[in-house]
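Trainee: I would like to learn how to read a model of this kind feature by feature. Could we begin with a helix and ask how much of it is covered?

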Amino acid sequence: MSFLYELWIFMRVRKKYWLFPVIVMMLVLGGLIVLSQSTAVAPMIYTMF
């Protein structure tokens, strides 16, 4: 959790707010990759792409 806090402080101090959407999209795509490994969710994800 301290990593996320330090990342937020870095973005706020350095005015790097453009990093926030990049990080969110990386987390979303990473979550989709993890979910696609299970057989129940895989057909839904494959139809999205």
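**Reading a predicted model**

Mentor: Let us begin with H1, where the number of buried residues is 1 out of 13, so this helix lies largely in the open. Please keep in mind throughout that the model is predicted.

Trainee: How many helices and strands does the protein have, and what pattern do they follow along the sequence?

Mentor: The protein has 3 helices and 0 strands, and read along the sequence it follows the pattern α-α-α. Along its principal axes the C-alpha trace spans about 45 × 20 × 10 Å. Of the 49 residues, 12% count as buried, while the accessible surface comes to about 4400 Å², with 76% of that area belonging to carbon and sulfur atoms.

Trainee: Where is confidence lowest, and where is it highest?

Mentor: The general caution is that where pLDDT is low, the predicted coordinates should not be read in detail. Here the mean pLDDT of the protein is 83, and 94% of the residues reach 70 or more. Confidence is lowest in H3, at a mean of 73, and highest in H1, at 89.

Trainee: What span should the 13 residues of H1 have at 1.5 Å a residue?

Mentor: They should span 18 Å, and the end C-alpha atoms of H1 are 18 Å apart, which agrees with that expectation. The same check can be made on H2, whose 18 residues reach 26 Å from the first C-alpha to the last, close to the 26 Å expected.

Trainee: Which residues of H2 are buried?

Mentor: The general idea is that an α-helix has 3.6 residues a turn, so residues three or four places apart point the same way. In H2 the buried residues are Leu19, Leu32 and Ser36. Seen down the axis of H2, these buried residues fall within an arc of 150 degrees, so they line one face of the helix. The face of H2 turned away from that buried side carries Leu27 and Val34, which are exposed.

Trainee: What phi does Lys15 take, just after H1?

Mentor: As a general matter, most residues other than glycine have a negative phi. Lys15, although it is not a glycine, has a positive phi of about 60 degrees. Lys15 lies in the loop between H1 and H2, and at 59% relative accessibility it counts as exposed.

Trainee: Which residues make the nonpolar surface patch, and which helix gives the largest share of it?

Mentor: The patch covers about 1000 Å² and is made by Trp8, Tyr17, Phe20, Val24, Met25, Val28, Leu29, Met44, Met48 and Phe49. The elements that give two or more residues to this patch are helix H2 (19-36) and helix H3 (42-48), and the largest share, 5 residues, comes from H2.

Trainee: Where is Tyr17 placed, and why is it called partly exposed?

Mentor: Tyr17 sits in the loop between helix H1 (2-14) and H2. Its relative accessible area is 45%, and since partly exposed refers to values between the limits of 20% and 50%, Tyr17 falls in that class.

Trainee: How far apart in space are Met26 and Tyr5, C-alpha to C-alpha?

Mentor: They are 18 Å apart in space and 21 residues apart in sequence. Met26 is found in helix H2, where, at 58% relative accessibility, Met26 counts as exposed.

Trainee: How many residues apart in sequence are Tyr46 and Leu27?

Mentor: Tyr46 and Leu27 are 19 residues apart in sequence, and their C-alpha atoms are 18 Å apart in space. Tyr46 belongs to helix H3 and counts as exposed, at 58% relative accessibility. When reading the position of Tyr46, please recall that H3 is where confidence is lowest, at a mean of 73.

Definitions and conventions: Residues are numbered from 1 along each chain as its sequence is written. This is a predicted model: local features need pLDDT of at least 70, side-chain atom pairs count only at pLDDT 80 or more; totals for chains, interfaces and linings use all residues. Side-chain values use heavy atoms; hydrogens and water are left out. Patches are made of residues with over 30% relative accessible area and no salt bridge: like charges are joined within 9 Å, nonpolar side chains (Val, Leu, Ile, Met, Phe, Trp, Tyr) within 5 Å. Accessible areas come from the Shrake-Rupley method with a 1.4 Å probe; for residues, only the protein chains shown count as cover. A salt bridge is a side-chain nitrogen of Lys or Arg within 4 Å of a carboxyl oxygen of Asp or Glu. Helices (H or I, at least four residues) and strands (E, at least two) are DSSP runs, numbered from the N terminus. Buried means under 20% relative accessible area, exposed over 50%, partly exposed in between (1.4 Å probe, protein chains only). pLDDT is the predictor's confidence in each residue, from 0 to 100. The expected span of a helix is 1.5 Å times one less than its number of residues. The arc is that of the directions from the helix axis to the C-beta atoms.
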